[in-house]
Each structure stands twice: as C-alpha cells, then as structure tokens.
Amino acid sequence: MSKQFFYRICLTLSLLGTTNIASAAYFSSYIYEMGSDDDFISKPVKNDTSVLNLYTVQSFKIDRPGEQGENTIYAKDREIIYTPLKLQIHPNSTDFFKLLYIGPKDDQERYYRVVFTEIPLGAYSEQEDSKATSFMPTVSMSTIMVVRP
C-alpha cells in the first residue's frame with residue numbers, strides 16, 4: 001500500500017469520525033484479473049452502511065503496480081470502460097460494476113488503477129440555518145486490474 005493511499009484513508013477515516021455517518025464499502029478483491037479470453041469482468045460492490053450511497057468508478061492506465069513507483073500512463077484511446085457510470089446502492093445491499101476491456105489484444109500484460117468512490121446520499125439533513133457550513137464525506141478505494149495477454 002502506498003504512503004499516499006494510506007494517508008488518504010487515514011484522513012478520510014478521521015473526517016468520518018467527526019460525523020454521524022459510518023461509511024464503508026466492501027470489494028471482493030484488491031486485485032482484479034481479466035484473462036486473455038475475457039472481454040469484461042463484473043465485480044460486486046456491497047454497501048454495508050445504513051444509508052443510501054452513490055458509487056462512481058474511474059480508471060487509469062499504470063506502468064506497474066506497487067511501491068516501486070507506479071506511474072500513470074497517458075493513453076490517447078480509452079482501453080477500459082465501465083458500466084454503469086454511477087450506481088446507487090441501498091443500505092446493506094450489493095450491486096455490480098462491469099469493467100470492459102476494449103484495448104489491443106496482443107502479448108503485453110497491462111495494468112490499471114481502478115478507483116471506486118462512495119458518496120453517502122443521506123449525508124445532509126435539513127438545516128435551519130442556511131448559512132451553516134456542511135460537507136459531504138466521500139471514501140475512495142482503489143484496486144488494481146490486470147489484463148493478461
């Protein structure tokens with residue numbers, strides 16, 4: 001786990017500790033692997049909180065995963081697409097994101113950082129004072145997706 005990722009998690013958890021909302025999501029694995037014969041993978045996302053949450057996903061091509069210096073690679077053409085773009089999951093429920101690989105089919109192994117973001121939709125209550133400051137805590141969790149040749 002990178003130091004930057006660790007610090008983000010600590011900051012997020014400390015911010016969540018200042019609210020009444022305990023936000024959490026469950027992902028089936030830290031590493032997703034797509035075989036050479038697969039065009040897509042479908043991954044469950046579980047909302048194990050007591051509020052309705054919105055989930056989004058984004059991906060970045062990387063040179064290699066790990067502590068040795070993961071670098072984002074700019075790709076002119078998108079190689080990973082996902083559906084749905086946004087997903088609302090009710091409390092204590094599970095739904096699925098589908099990750100589709102539309103890149104080249106060759107003998108090169110490819111790596112992607114896939115980031116899931118969870119936003120609790122019940123974070124705001126009606127405020128009597130319209131000048132009150134409020135914020136919506138979000139949690140982002142990243143995984144690695146490996147596309148095998």
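E33 stands opposite V146 in β9. E33 itself belongs to strand β2 (residues 31-34) and forms a salt bridge with R148, in the segment after β9 (139-147). This is a predicted model, in which local features need pLDDT of at least 70, side-chain atom pairs count only at pLDDT 80 or more, and totals for chains, interfaces and linings use all residues. Residues are numbered from 1 along each chain as its sequence is written, and side-chain values use heavy atoms, with hydrogens and water left out.

**Sheet**

- Five strands form an open sheet in the order β2-β9-β8-β4-β6, with mixed pairing.
- Strands (E, at least two residues) and helices (H or I, at least four) are DSSP runs, numbered from the N terminus.
- Two strands pair if DSSP finds at least two bridges between them.
- Strands of a sheet pair through backbone hydrogen bonds, either parallel or antiparallel.
- β2 and β9 pair in the parallel sense, over four bridges.
- The edges are β2 and β6 (86-89); each has a single partner strand, so one side of each lacks a neighbour in the sheet.
- Neighbouring strands of this sheet are turned by 30 degrees against each other on average, direction ignored.
- Axes here are lines fitted to C-alpha atoms, for helices over the stretch in contact, and angles run from 0 to 180 degrees between N-to-C directions.

**Salt bridges**

- The whole structure holds seven salt bridges; the criterion is a side-chain nitrogen of Lys or Arg within 4 Å of a carboxyl oxygen of Asp or Glu.
- R148 and E33 meet at 2.8 Å, N to O.
- The R148 and E33 pair ties together parts that are 115 residues apart in sequence, because R148 follows β9 and E33 sits in β2.
- R148 also meets E109 in a salt bridge, at 2.2 Å, N to O.
- E109 lies in the loop between β7 (93-101) and β8 (110-120), so its pairing with R148 ties together parts 39 residues apart in sequence.
- R110 forms a salt bridge with D106, with 2.8 Å between the closest N and O atoms.
- K61, E79, D106 and R110 are linked in a network of salt bridges.

**Accessibility**

- Buried means under 20% relative accessible area, exposed over 50%, and partly exposed in between (1.4 Å probe, protein chains only).
- R110 is buried at 6%, whereas its partner D106 is partly exposed at 34%.
- R148 is partly exposed at 32%.
- Both acidic partners of R148 are partly exposed: E33 at 46% and E109 at 26%.
- T138, in the loop between β8 and β9, is partly exposed at 35%.
- The C-alpha atoms of T138 and E118 are 5.6 Å apart, although 20 residues separate the two along the chain.

**Second largest pocket**

- Its volume is about 230 Å³, taken as the space filled by probe spheres set on grid points joined across faces, edges and corners.
- A pocket is an open set of points on a 1 Å grid over the protein atoms alone, where a 1.4 Å probe fits, with protein on both sides within 12 Å along at least five of seven lines; lining residues have an atom within 4 Å of a point.
- The lining has 14 residues, and S59, F60, K61, R78 and E79 lie nearest the centre.
- β4 (53-62) and β5 (80-83) are the elements giving two or more residues to this lining.
- β4 gives the most, with four residues.
- The lining divides into seven nonpolar, three polar and four charged residues.
- Ala, Val, Leu, Ile, Met, Phe, Trp, Tyr, Cys and Pro count as nonpolar, Asp, Glu, Lys and Arg as charged, and the others, Gly among them, as polar.
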